[in-house]
Amino acid sequence: MTVQEYLLLCAVAAVAGAINSVAGGGTLLTFPALQAALAAAAGTIAGVESPAEAAVVANATSTVALVPASLAALGGYRQEFVAVRRWALWLVAPSFVGGAIGSLLLTNLPAETFAVLIPWLILVAATLFALQPAIARWTGIGNPHDEPSGTVLATIIVFQTLVAVYGGYFGAGIGILMLSSLAFMGLADIHSMNALKNLLGTCINGTAVVVFVAAGKVYWPLAIAMAVASTLGGYASARVARRMNRNVVRWIVATIGFSLATYYFARRFG
């Protein structure tokens, strides 16, 4: 690959890290860019002999490249994280377990297994997230002044496990899915929600990284360079976002979610 191609992929990673720190969906940028680059170089890179292998390696490399961005974003939201530490105790373990299951599925199942579900998952999550304040007023579910019941908490733990499985397998839009579920736990501050989301995302993708590295699916020359770029983008975005009006950030997140759903519907049915 040329220097210009490396720089372009690093720029994509920086933008993806910034998007992930606020809402999620950065994989939508890094995965296709890496897939195209690796497919073009198929046959010249060990372990990438075909477009199908290029897709698996691109997915694994994208995950490795974006994990540091989640950690950096968590640092940017460190003050807001204090308010949600107790929720982390419930949701970190399901994130590790689901991330491990999903990444193992990626190395053993066809790449199209979850493809049909992606647009519907993201659309439902974005809609629920956007309407959550109104739903809380109408039903009382997700009211920030109430403690979630045992049933709601158990449901969210199960949901987080499923999100983590999907995240370990592919992951585009997991930020939107997690923010939606956190809203129905009664978390109302979007900045605190983002802090917890970035921690959980790190757990999911960090576990997946271990599996991908062990399976030899990561193309390190690109993974390292893009990880540096995504880290810078994630930290800078978190620092800027936490100074923005909370309602503005909420609608930015919802807009990204609807845009992701539109993209995947067009890709699937267009």
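Trainee: Helices are DSSP runs of H or I with at least four residues, and strands are E runs of at least two, both numbered from the N terminus; how many of each are in the protein?

Mentor: The protein has 11 helices and 0 strands. This is a predicted model, in which local features need pLDDT of at least 70 and side-chain atom pairs count only at pLDDT 80 or more, while totals for chains, interfaces and linings use all residues. Residues are numbered from 1 along each chain as its sequence is written, and side-chain values use heavy atoms, with hydrogens and water left out.

Trainee: How do α5 and α9 cross?

Mentor: The axes (lines fitted to C-alpha atoms over the stretch in contact, with angles from 0 to 180 degrees between N-to-C directions) of α5, residues 85–106, and α9, residues 190–214, come within 8 Å and cross at roughly 35°.

Trainee: Which residues make that contact?

Mentor: Among them are Trp-87, Leu-91 and Phe-96 of α5 and Leu-199, Cys-203 and Phe-212 of α9, where contact means heavy atoms within 4.5 Å. By class, the contact has 16 nonpolar, 4 polar and no charged residues; Ala, Val, Leu, Ile, Met, Phe, Trp, Tyr, Cys and Pro count as nonpolar, Asp, Glu, Lys and Arg as charged, and the others, Gly among them, as polar.

Trainee: A different topic: what percentage of the residues is buried?

Mentor: Of the 270 residues in the protein, 53% are buried, meaning under 20% relative accessible area, with exposed over 50% and partly exposed in between (1.4 Å probe, protein chains only).

Trainee: Where does Trp-120 fall?

Mentor: Trp-120 has 46% relative accessibility, so this residue counts as partly exposed.
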